[in-house]
Amino acid sequence: MDGRQIVTRLVLAKLGLPEVRLDTFAERLVVQKSIYLAQAAGVNMGYSFRWYLRGPYLPELTSDVFSIASELKTGFDESAGWTLDEAALSALGRVQGLMPDGDLPARARQLELLASVHFLVNQRQVAHAEASEVQEVLRRYGKDYTSEEVAGALRTLRQHELLGA
Amino acid sequence: MNCSAPEPVAKVVVDSIHGDIHLTDRECRVIDTASFQRLRYVKQLGMAHFTYPNATHTRFAHSLGVLAIMKRVLAPERRKVSLTPEQEEDLRLAALLHDVGHYPYSHLMEKVDSVRLSEESVEGAASTPRIVIASPYPSHVDIGRLIVTEQKDLIDALGSRDRAERIANLFSRTQVADQQLSKLISSSLDLDRLDYLLRDAGGTGTPYGQIDLNYLLNSIRISPSGLLGVSEKALPAAEHLLFARYFMHRTVYGHKTTMAFEEACRQLLRRARDTGRYGIPKDGPAVESLVKCKELGDFTDAYVDHIVHQATNDGDPIIAGLASAIRQRQPPKLLKEVLVLKEPEAQSTPGSVFKLNCRHRLSALASTHGLRLGQFLLCETKPLLLEERPHRITAGAARDLPPEEEDPLIKIFVGESEEPVSIVDVSHSIIGKCADFVFQAFRLYFVPTPGDDKHAADQLGSAVADWHKSE
């Protein structure tokens with residue numbers, strides 16, 4: 001693991017993903033959106049997310065996470081002995097508060113919503129951070145989130161200080 | 001199909017790869033900004049000129065090359081997707097500006113935060129808890145975004161801040177508003193590699209990157225949904241492109257001497273930065289501040305050269321040793337190299353055993369020979385596959401990839417189909433058959449300092465000779 005991969009590994013462990021499971025796309029999506037939200041909270045790992053049909057995503061992150069998982073399988077954890085600084089731990093505390101419960105598909109769906117809404121607002125891809133406008137952009141990308149779900153996501157992101165009031 | 005009249009040519013630039021590149025007035029204005037001219041002083045291949053003397057070509061020439069390719073791809077006869085003249089110009093300007101955020105020596109300085117010093121990664125070396133500072137240098141794409149949207153000369157050249165934002169959205173692939181344009185840019189910005197493979201082959205004098213550019217470009221089509229691919233008759237040229245990339249990585253990008261100098265320089269920069277020396281930006285926000293102001297023009301290879309020059313007299317013997325090695329072109333000594341072609345599903349490899357042994361045994365080895373751990377550089381190349389997709393997704397699994405993961409794969413228009421499929425899905429392509437293998441190189445170097453035993457490198461080499469084997 002290089003330095004960034006070590007940080008990524010530590011962040012995933014803090015967010016309840018210590019095993020780094022990547023067998024299905026839903027598992028990989030959960031990892032992607034979790035790291036996206038961690039960066040949104042201020043734990044900058046230097047990943048530049050792009051917009052795809054399922055919201056913010058980055059192939060390089062998938063590569064990094066596969067490298068991490070591959071190393072862990074050899075029984076060699078290079079992140080052992082490393083720790084995140086206080087600012088990062090504090091930021092991750094806010095992300096932990098919005099990590100959804102439920103089965104894998106439900107968690108993947110909710111994380112996709114949170115990350116997508118944050119991306120659209122933060123990258124100024126919507127003129128106003130209002131549920132109706134965000135929902136309209138998501139609808140163009142074939143996402144069937146209800147206006148209540150989008151409004152809930154905006155509220156959650158604001159409550160956890162990932163978006164301004 | 002939208003057939004707009006061609007824009008008047010304001011200037012013609014002659015390029016070693018593409019010949020005449022016809023530039024519009026708007027493109028000239030962008031190129032003439034100080035923010036863009038900075039790329040004349042950023043080498044494309046980092047420190048590869050220490051290995052290949054002629055590899056001094058720049059991000060400036062590469063950026064013009066990618067613009068030239070984009071112009072050919074957007075030719076009306078090649079696409080079934082409708083674009084307005086403004087959208088076409090946006091795509092061309094995004095191609096031109098896609099690398100405007102590169103750091104000095106390209107990826108060398110950008111990856112400073114990925115460096116792990118031996119004291120941090122070797123057992124028994126650290127006496128205090130190790131802290132990861134989570135505010136690394138931003139990627140060159142993010143820096144490019146900042147430069148395009150914050151530097152006044154570029155905003156003026158592009159016409160407005162809104163347009164600057166739009167262009168930045170395109171090359172950073174954060175474009176959301178237009179799904180079709182978004183798909184086009186996602187599948188086309190790897191046109192990047194069509195230029196850099198040829199340019200890097202020319203610059204280094206190696207034959208491996210010699211791809212069939214004209215045939216590929218003449219075979220490119222844009223589907224009704226906006227996906228870019230090549231026609232089936234160009235499949236061999238597309239396969240050759242992927243093999244060319246593979247061999248360029250094996251020979252040029254991962255060359256042991258270049259890698260040694262770049263790792264030495266990265267470690268020097270990290271050590272100096274972390275101890276507050278030479279005014280090196282201390283973290284990501286400090287880099288962001290730097291590139292938003294007038295000092296951006298000085299953020300070139302010369303910025304690093306100056307630090308290296310000063311550091312040769314540094315009070316820290318490790319920093320001084322690294323600087324002297326670079327300054328005098330004395331490559332760190334390669335003690336051990338482990339090359340691994342990992343088969344699908346293999347878990348432990350000689351590479352992972354070697355890393356484990358370095359972690360467990362390097363501290364004792366350094367101590368035995370009276371050396372500092374900082375004199376050792378342990379590095380590994382990026383996992384390399386024939387096709388550029390997340391490794392460990394097997395070719396079989398790649399057939400079920402969602403658009404996010406399929407994006408980097410080359411697309412082929414098979415038969416008369418209107419939409420292309422990924423190259424790994426083409427049954428008669430060799431890529432799908434051998435795309436599961438991953439190549440990686442693991443290396444341990446030693447940086448001698450004045451006063452070290454003259455035979456230290458030989459003795460160390462003998463000591464680590466079998467570290468790729470399990471005990």
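Which residue just after helix 6 of chain A takes a positive phi? The legends below walk through this predicted model view by view, and the answer comes in the first of them.

**View 1. Helix 6 of chain A and the glycine that follows.** The residue in question is A:Gly142, whose phi is about 75 degrees, just after helix 6 of chain A. The helix itself covers residues 131-140, and its buried residues are A:Ala131, A:Val134, A:Gln135 and A:Leu138. Looking down the axis of helix 6 of chain A, you will find these buried residues within an arc of 100 degrees, so they line one face of the helix. They pack against two helices of chain A, helix 5 (104-122) and helix 7 (147-159). On the face turned away from the buried side, look for the exposed residues A:Ser132 and A:Arg140.

**View 2. A:Val20, a positive phi outside glycine.** Here the loop between helix 1 (3-14) and helix 2 (25-40) of chain A holds A:Val20. Its phi is near 50 degrees, a positive value in a residue other than glycine. Is A:Val20 buried or partly exposed? With 19 other C-beta atoms within 10 Å, A:Val20 is partly exposed, because a residue needs 20 or more to be buried.

**View 3. B:Ser106, in a loop of chain B.** B:Ser106 is not a glycine, yet its phi is positive, at about 55 degrees. You can find B:Ser106 in the loop that runs between helix 4 (85-97) and helix 5 (107-110) of chain B. B:Ser106 has 23 C-beta neighbours inside 10 Å and therefore counts as buried.

**View 4. Chain B as a setting for the remaining views.** Chain B has 22 helices and 10 strands. It is built from 471 residues, of which 51% count as buried. Take the contacts in chain B between residues at least 6 apart in sequence: 72% of them join residues at least 24 apart.

**View 5. Helix 14 against helix 16 in chain B.** Helix 14 (residues 256-274) and helix 16 (residues 301-311) of chain B pack at an angle of about 75 degrees, and their axes are 11 Å apart. The two helices of chain B, 14 and 16, are therefore roughly perpendicular to each other. Helix 14 of chain B brings B:Cys265, B:Leu268, B:Leu269 and B:Ala272 to the contact, while helix 16 of chain B brings B:Val304, B:Ile307, B:Val308 and B:Ala311. Sorted by class, this contact between helix 14 and helix 16 of chain B has eight nonpolar residues, with no polar and no charged ones.

**View 6. A three-stranded open sheet in chain B.** Three strands of chain B line up in the order 6-10-7 to form an open sheet with antiparallel pairing. Strand 6 (333-342) and strand 7 (376-380) of chain B are at the edges with a single partner strand each, so one side of each has no neighbour in the sheet. On average, neighbouring strands of this sheet are turned by 10 degrees against each other, direction ignored. Strand 6 of chain B pairs with strand 10 (residues 438-446) of chain B over nine bridges, in the antiparallel sense. To pick out one bridge, find B:Glu337 and its partner B:Arg443 in strand 10 of chain B.

**View 7. A hairpin in chain B.** Strand 1 (residues 11-15) and strand 2 (residues 19-23) of chain B pair over five bridges in the antiparallel sense. Three residues make up the hairpin connection between strand 1 and strand 2 of chain B. Opposite B:Val12 you will see B:His22, in strand 2 of chain B.

Technical notes: Residues are numbered from 1 along each chain as its sequence is written. Chains are lettered from A and ligands numbered from 1 in the order in which they are written. This is a predicted model: local features need pLDDT of at least 70, side-chain atom pairs count only at pLDDT 80 or more; totals for chains, interfaces and linings use all residues. Two strands pair if DSSP finds at least two bridges between them. Helices (H or I, at least four residues) and strands (E, at least two) are DSSP runs, numbered from the N terminus. Axes are lines fitted to C-alpha atoms, for helices over the stretch in contact, and angles run from 0 to 180 degrees between N-to-C directions. Angles under 35 degrees count as roughly parallel, over 145 as roughly antiparallel, 65 to 115 as roughly perpendicular and the rest as oblique. Two residues are in contact if their C-beta atoms, placed from the backbone, lie within 7 Å. Ala, Val, Leu, Ile, Met, Phe, Trp, Tyr, Cys and Pro count as nonpolar, Asp, Glu, Lys and Arg as charged, and the others, Gly among them, as polar. A residue is buried if 20 or more other C-beta atoms lie within 10 Å of its own, exposed if 12 or fewer, and partly exposed in between; C-beta atoms are placed from the backbone. The arc is that of the directions from the helix axis to the C-beta atoms.
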